[in-house]
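Please look at the model shown here and follow its chain while reading the paragraphs below. They go from one part to the next and explain each term where it is needed.

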Amino acid sequence: MKNENITNDILAAARHHYSEIICPQVDKWETCSEYPLAAAREAARSGLLGLYCPGEYGGQALSFEDAIPVFEELGKGEGLYAFSLSMHNIVTFAICSYGEKEFRSVWAEKLISGESLGGFVLTEAQSGSDAAKVHTRAVINDDGSYTINGSKAWVSLAGIADIYLVVVNTSEQAGKDDIAMIAVPKDAEGVSFGEPYEKLVSPFLPIADMFLDSVTVPGSNLIFPPGKGLSGSLMAIDIARTCISAGCCGLISSSLDLALTYARDRQMFGKAELELQGIQWMLADVATDLEASRLLYKHAAKYLGTPEGTVAAAHAKRFAPDAAQNAAATCMQVLGGAGLLVPSAIERNYRIAPVMKMVDGTTEIQRVVIARSLQQYAATLPPIPEQECQ
Ligand SMILES: Cc1cc2nc3c(=O)[nH]c(=O)nc-3n(C[C@H](O)[C@H](O)[C@H](O)COP(=O)(O)OP(=O)(O)OC[C@H]3O[C@@H](n4cnc5c(N)ncnc54)[C@H](O)[C@@H]3O)c2cc1C
């Protein structure tokens, strides 16, 4: 049964984390290359790191529908910091829900308490959108342990996270029936990371290659067995897409608040800028996009884990990042030259919004997912009666 009090408390905690932890520090994060571990640990103390996990490990046991609005609040502050906590929550959920008891008992509490962080490792240099083409190879040893060889790309929280859910292939052929997901601790022998990528946004979030050189882990580290690794990854990605869409709503809403405040206070031609109808219409469109994005992600959050979840998440992820990018550009325009000054939430949102169109499946891949479901639906439609074709 839904517990309104816990849901309200968690949303209040997320708002507090945004206003009291992210806002005062975010400009500093932009100028350094260190992940704000203290902030993530503070998020854990506020209950934000075990959102979907059971109470026995210290989690909040919230449904996706109740939990995912947290990322709208965090996304108001810094979209990629919100993304990192969202990824951690998904990893923690996967371990609590699918990890073996022995493994869970070691990691669940550490992850929920923020003592450890988790990363999700799917992408390879040769395969981003084509996610089923996994070349990283795991061999099952006689004692049930796994030995992994290969390299991964675009690993967020590289070297910062303590445990990584690595998607591997267990056969020579790249085929979805042999894909598995195995948890690899950072300190396992043979694990190393490349230099963090230099990027346009969020220098504090390390993203790098990960190398696995004959890394052996016990059989109890298996999260999804061969044949279930791809579907498990796609389920994680559906949750991630919904969280990113929620984060985009935060980004739109912080851009809009700033533009509204500026236009309310900026005098021109004898009145406030916000009195100009042209400006009002620009901001009205941003507000409509915010409403639409919010409805889409909340709808997706409700259906995650059901047959409708994947397409619902794709609709949200197709729409919300585009809306966030338009909102950041429009709100920047409302501020005139002031919108270009750094540091400011507007210019940060302007740089972060395009990243939301790429991570966890690009906008184009969402169209592929949606179009596939349209094709299936089209196959069920009766032929058009002949006279209507003429
Ligand atoms: C900030 C950031 C953090 C990330 N963190 C992680 C992480 O922690 N773990 C992880 O595993 N991965 C991570 N990724 C990787 C991310 O999921 C991939 O970047 C994404 O899946 C796209 O893959 P790609 O970059 O290789 O693009 P590509 O697959 O090379 O695509 C290039 C272009 O082709 C388009 N395209 C591809 N296929 C089609 C098609 N069928 N039809 C039309 N257009 C198409 C794409 O939309 C894109 O515009 C991260 C990425 C970013 C940007």
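Is Q280 buried, partly exposed or exposed? At 32% relative accessibility Q280 counts as partly exposed, because buried means under 20% relative accessible area, exposed over 50%, and partly exposed in between, with a 1.4 Å probe and protein chains only. This is a predicted model, in which local features need pLDDT of at least 70 and side-chain atom pairs count only at pLDDT 80 or more, while totals for chains, interfaces and linings use all residues. Residues are numbered from 1 along each chain as its sequence is written, and side-chain values use heavy atoms, with hydrogens and water left out.

Q280 is found in helix α8, residues 277-303, where helices (H or I, at least four residues) and strands (E, at least two) are DSSP runs numbered from the N terminus. Leaving aside neighbours within four places in sequence, Q280 is in contact (heavy atoms within 4.5 Å) with L274 and E275. Q280 and A263 are 17 residues apart in sequence, and their C-alpha atoms are 9.3 Å apart in space.

From here we can turn to the interior. The largest nonpolar core, a set of buried Ala, Val, Leu, Ile, Met, Phe, Trp, Tyr and Cys residues joined through side-chain atoms within 4.5 Å, has 116 residues, and those with the most contacts inside it are Y52, I68, Y81 and F120. The largest share of this core, 15 residues, comes from helix α7, residues 229-265. When neighbours within four places in sequence are set aside, the contacts of Y52 include F64, I68, F71, F93, I239 and C243. Apart from this core lies another one of five residues, among them C53, Y57, C96 and I112.

Helix α1, residues 4-29, has a kink of about 50 degrees at I22, shortly before the proline P24; the bend at a residue is the angle between axes fitted to the seven residues ending there and the seven starting there. Among the buried residues of α1 are I10, A14, H17, I21 and W29. The buried residues of α1 pack against α2, α3, α4, α5 and α10.

Two further residues show how polar side chains can be placed. Q366, in helix α11 (residues 363-380), is buried, with a relative accessible area of 0%. A polar atom of the Q366 side chain lies 3.0 Å from the backbone oxygen of G361, and beyond four places in sequence Q366 touches residues including R241, A314 and D360. E124, in the loop between β1 (118-121) and β2 (137-140), also counts as buried, at 2% relative accessibility. The side chain of E124 makes a polar contact with the side chain of T136 at 2.8 Å, a polar contact being a pair of N or O atoms within 3.5 Å, of which, within protein, one must be able to donate a hydrogen and the other to accept it, and residues adjacent in sequence count only if both atoms are side-chain atoms. Another polar atom pair joins the E124 side chain to the backbone nitrogen of H135, 2.9 Å away.

Finally, we come to the ligand. Of the 20 residues around the ligand (those with a heavy atom within 4 Å of it), T123, S129, W154, T362 and E364 come nearest. A polar side-chain atom of S129 lies 2.6 Å from an oxygen atom of the ligand, and an N or O atom in the side chain of E364 is 2.5 Å from a ligand oxygen. Taken alone the ligand exposes 980 Å², of which the protein buries 66%, with areas from the Shrake-Rupley method and a 1.4 Å probe.
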